[in-house]
Amino acid sequence: MRRHLMKHQNLIIGVLIAVIAVAIGAVAYDIHARSAAVSSKTSQKTAAAETSKTETSQKTSAASDQSANQKTIVLDPGHSAVMPSGSEPVGPGAGENKAKDMVGTKGVATGVTEYDFMLSLANKLKPELEKRGYKVVLTRTDSQSAHSCTQRAQVANDNHADAFIRLHANAAESPAPNGAMTINITAHSPYTPSTYSQCRKLSDCVLNAYCSATGAKREGVVERDDLTGNNWAKVPTTLIEVGYMTNPDEDKRMQTDAYQAKMVQGIANGIDQFFKN
Ligand SMILES: [Zn+2]
């Protein structure tokens with residue numbers, strides 16, 4: 001009986017050891033399984049992170065492609081309420097000097113100044129051009145600071161403008177003249193002759209589209225080498241005279257929202273045309 005009990009005790013201990021061993025094994029297995037699961041999850045996460053990294057870099061390169069293709073337009077609202085004092089060379093290396101800026105004209109019927117009109121036109125043109133995908137920079141954003149014509153051209157050069165659009169309104173001795181013109185350098189410019197063909201193309205595109213959108217009389221493209229802002233620009237440049245503020249009818253028409261909307265569309269269409277072909 002005692003021996004039998006001893007035998008029985010050994011059996012119980014043996015079973016206990018076996019149970020404990022299995023339990024330890026199970027726990028050990030479970031730990032491995034879990035850590036394997038964790039490491040698999042981690043690697044899935046890492047893979048996901050890699051994928052998202054790739055997506056991000058694809059997006060970044062798409063964005064930089066877009067910004068690489070994005071054209072920059074510099075708008076120069078003519079004149080200002082404040083005049084810079086003194087004069088400056090009319091072009092790089094020129095012996096002749098001209099006043100750094102002039103006060104501009106004024107509406108005979110409306111009394112609106114050219115500098116206020118051009119700034120408000122530029123502020124309407126900017127969002128329209130941005131909507132069409134262009135980057136837009138203005139040479140001035142208020143009328144309380146002085147800007148020489150050379151400084152205005154420098155803004156276009158510094159921004160590597162794809163087109164530099166100078167906004168002006170015209171004046172004549174008599175009230176009769178009306179209509180629009182664009183002005184660029186001549187083919188024999190002593191300053192930047194290499195830009196001539198692009199300047200001329202820009203002038204043609206902007207004037208044609210402007211007259212077609214507004215119905216303004218087409219006065220034509222004028223070529224001359226005495227405009228400081230045109231001469232210092234190293235980029236395709238045109239100056240548009242949008243109409244005569246000395247013509248009472250044109251002056252009043254140009255101060256209506258409906259006509260200004262056409263002016264904006266016309267100039268923007270001309271810029272689109274310039275880059276199209
Ligand atoms: Zn002007």
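Start with the whole chain on screen: residues 24 or more positions apart account for 82% of its contacts with a separation of 6 or more. Two residues are in contact here if their C-beta atoms, placed from the backbone, lie within 7 Å. What you are looking at is a predicted model, in which local features need pLDDT of at least 70 and side-chain atom pairs count only at pLDDT 80 or more, while totals for chains, interfaces and linings use all residues. Residues are numbered from 1 along each chain as its sequence is written.

Switch to a cartoon view and you should find seven helices and eight strands. Helices (H or I, at least four residues) and strands (E, at least two) are DSSP runs, numbered from the N terminus. Of the 277 residues of the chain, 35% count as buried. A residue is buried if 20 or more other C-beta atoms lie within 10 Å of its own, exposed if 12 or fewer, and partly exposed in between, with C-beta atoms placed from the backbone.

**Stop 1: the core**

Select Ile73, Ile165, Val206, Ile240 and Ile267, the residues with the most contacts inside the largest nonpolar core, which has 50 residues. Such a core is a set of buried Ala, Val, Leu, Ile, Met, Phe, Trp, Tyr and Cys residues joined through C-beta atoms within 7 Å. Now colour the elements that each supply at least two residues of this core, among them strand E1 (72–77), helix H2 (114–131), strand E5 (163–170) and strand E8 (237–244). The largest share, eight residues, comes from H2. In soluble globular proteins, nonpolar side chains tend to be buried together.

Next, centre on isoleucine 240. Which residues does it touch, not counting those up to four places away in sequence? They are Ile165, Leu167, His168, Ala180, Thr182, Val206, Tyr210 and Ile267.

**Stop 2: where H4 meets H7**

Show helix H4 (196–214) and helix H7 (257–276). Their axes come within 7 Å and cross at roughly 145 degrees. Axes are lines fitted to C-alpha atoms, for helices over the stretch in contact, and angles run from 0 to 180 degrees between N-to-C directions. The crossing is right-handed; a crossing is left-handed if the near helix is turned anticlockwise from the far one by less than a right angle, and right-handed if clockwise.

Display side chains at the contact, including Leu202, Val206 and Tyr210 of H4 and Met263, Ile267 and Phe274 of H7. The residues of this contact divide into eleven nonpolar, eight polar and two charged. For this count, Ala, Val, Leu, Ile, Met, Phe, Trp, Tyr, Cys and Pro are nonpolar, Asp, Glu, Lys and Arg are charged, and the others, Gly among them, are polar.

While you are on H7, pick alanine 261. With 14 C-beta neighbours inside 10 Å, alanine 261 counts as partly exposed. Its C-alpha atom is 9.0 Å from that of threonine 214, 47 residues away along the chain.

**Stop 3: one face of H3**

Move to H3 and select its buried residues, Cys149, Thr150, Arg152, Ala153 and Ala156. Look down the helix axis: these residues fall within an arc of 160 degrees, so they line one face of H3. The arc is that of the directions from the helix axis to the C-beta atoms. Add E1, strand E2 (87–89), E5, helix H5 (228–231) and E8 to see what the buried residues of H3 pack against.

From Arg152, jump to threonine 139, which is 13 residues away in sequence and 5.6 Å away in space, C-alpha to C-alpha. Threonine 139 lies in the loop between strand E4 (135–138) and H3. Buried or exposed? Threonine 139 counts as buried, with 24 C-beta neighbours inside 10 Å.

**Stop 4: two histidines with positive phi**

Just after H3, select histidine 160, whose phi is positive at about 45 degrees. Histidine 160 sits in the loop between H3 and E5 and is exposed, with 10 other C-beta atoms within 10 Å.

Then find histidine 79, in the loop between E1 and E2. Its phi is also positive, near 65 degrees, in a residue other than glycine. Histidine 79 is buried, with 25 other C-beta atoms within 10 Å.

Finish at valine 103, in the loop between strand E3 (97–99) and H2. Leaving aside neighbours within four places in sequence, valine 103 is in contact with His79 and Met83.
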